[in-house]
Amino acid sequence: MSLAQRFAAINEQVRLACERAGRDPGQVGVLPVTKTFGHEVVRQAMALGRQRFAENRVQEMKEKALALNDSSIEWVIIGYLQTNKVKDVARYASEVQSLDRLDLAQALDKRLQQAGRRLDVLVQVKSSQEESKTGLLPEDVPAFLQDIAQYDTLNLKGFMTVAENTDDRKRIRDCFRRVRQLRDQSEDQLGWALPVLSMGMSADYELAIAEGATELRIGSALFGQRPPPQ
Ligand SMILES: *Cc1c(COP(=O)(O)O)cnc(C)c1O
């Protein structure tokens with residue numbers, strides 16, 4: 001299948017899942033995850049009308065940004081972000097979906113002020129008990145939202161999560177539901193809308209749609225298998 005056919009196939013699956021969930025497909029976007037794939041893959045996707053791409057490593061985002069040198073591209077960071085990488089984030093990224101701690105918010109704010117920029121952010125929530133997962137614990141979210149409200153360089157749009165890695169569909173769906181409920185509570189707490197729920201990947205995006213996802217982070221279903229991490 002060509003990349004265009006893969007995009008079309010995913011869009012069709014999204015449309016069907018929205019129909020089953022009684023949702024408007026216009027409210028659910030696909031965010032292509034280009035990590036481990038070269039910048040020529042990004043170029044192919046751009047030729048199909050895409051301009052927003054997700055990377056999990058800052059260095060890799062920077063390399064692709066420099067190679068492509070196209071200011072219409074919006075780079076989104078979805079991986080664990082070390083505080084010493086914020087300079088390149090402030091320079092090249094348009095959004096961070098993996099905001100999970102206060103020292104990171106503070107470091108981002110400082111760099112963004114220097115650059116005279118704002119950044120869209122999602123708070124990453126740890127929605128399962130797995131050791132390997134990063135993100136803020138749900139019970140720590142209300143205080144965290146109060147704390148980051150002081151940084152007006154950070155434009156809080158909603159939440160991101162990675163569901164439990166399991167074949168048990170009910171457990172996966174529970175992860176997504178937890179984050180949606182947390183979003184609803186957070187809107188009540190803050191008194192404004194947090195419209196974005198970045199949830200669902202190649203293997204579980206249909207469940208995420210059923211629980212209200214507005215952005216699906218899709219890598220392998222579009223670009224093929226990634227080489228295993230070294
Ligand atoms: C790699 C990655 C994805 C995409 O995963 P696929 O299973 O290839 O669709 C989504 N979200 C995060 C945080 C990732 O690191």
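**Lysine 35 and the overall fold**

Leaving aside neighbours within four places in sequence, lysine 35 is in contact with Ala54, Glu55, Asn56, Glu60, Lys64 and Arg226. These contacts come from a predicted model. Lysine 35 lies in a loop. Strand S1 (29-32) and helix H2 (39-47) flank that loop. The position also carries an annotation. In an unreviewed entry, UniProt lists Lys35 under "modified residue: N6-(pyridoxal phosphate)lysine". That annotation may be inferred rather than shown by experiment.

The surrounding protein contains both helices and strands. Its secondary structure comes to 9 helices and 8 strands. The radius of gyration is 17 Å, close to the 17 Å that the globule rule gives for 230 residues, so the protein is as compact as a globular protein of that length. Along the principal axes, the C-alpha trace spans about 45 × 40 × 35 Å.

Burial and contacts were then computed for the protein. Of the 230 residues, 47% are buried. Among contacts with a separation of 6 or more, 60% join residues 24 or more positions apart.

The surface and the charges complete the description. The protein exposes about 11,500 Å². Carbon and sulfur atoms supply 45% of that area. Charged side chains comprise 32 positive and 32 negative ones. The centres of the two sets lie 3 Å apart.

Definitions and conventions: Residues numbered from 1 in each chain as written. Predicted model: local features only at pLDDT ≥ 70, side-chain atom pairs only at ≥ 80, totals over all residues. Heavy atoms only, no water. Helix = DSSP H or I, 4+ residues; strand = E, 2+ residues; numbered from the N terminus. Rg over C-alpha atoms; globule rule 2.2 N^0.38 Å. Buried < 20%, exposed > 50% of the residue type's maximum accessible area, 1.4 Å probe, protein only. Contact = heavy atoms within 4.5 Å. Areas by Shrake-Rupley, 256 points an atom, 1.4 Å probe, with all protein chains shown as cover. Lys, Arg positive; Asp, Glu negative; His and termini not counted. Charge placed at Lys NZ, Arg CZ, Asp CG, Glu CD.
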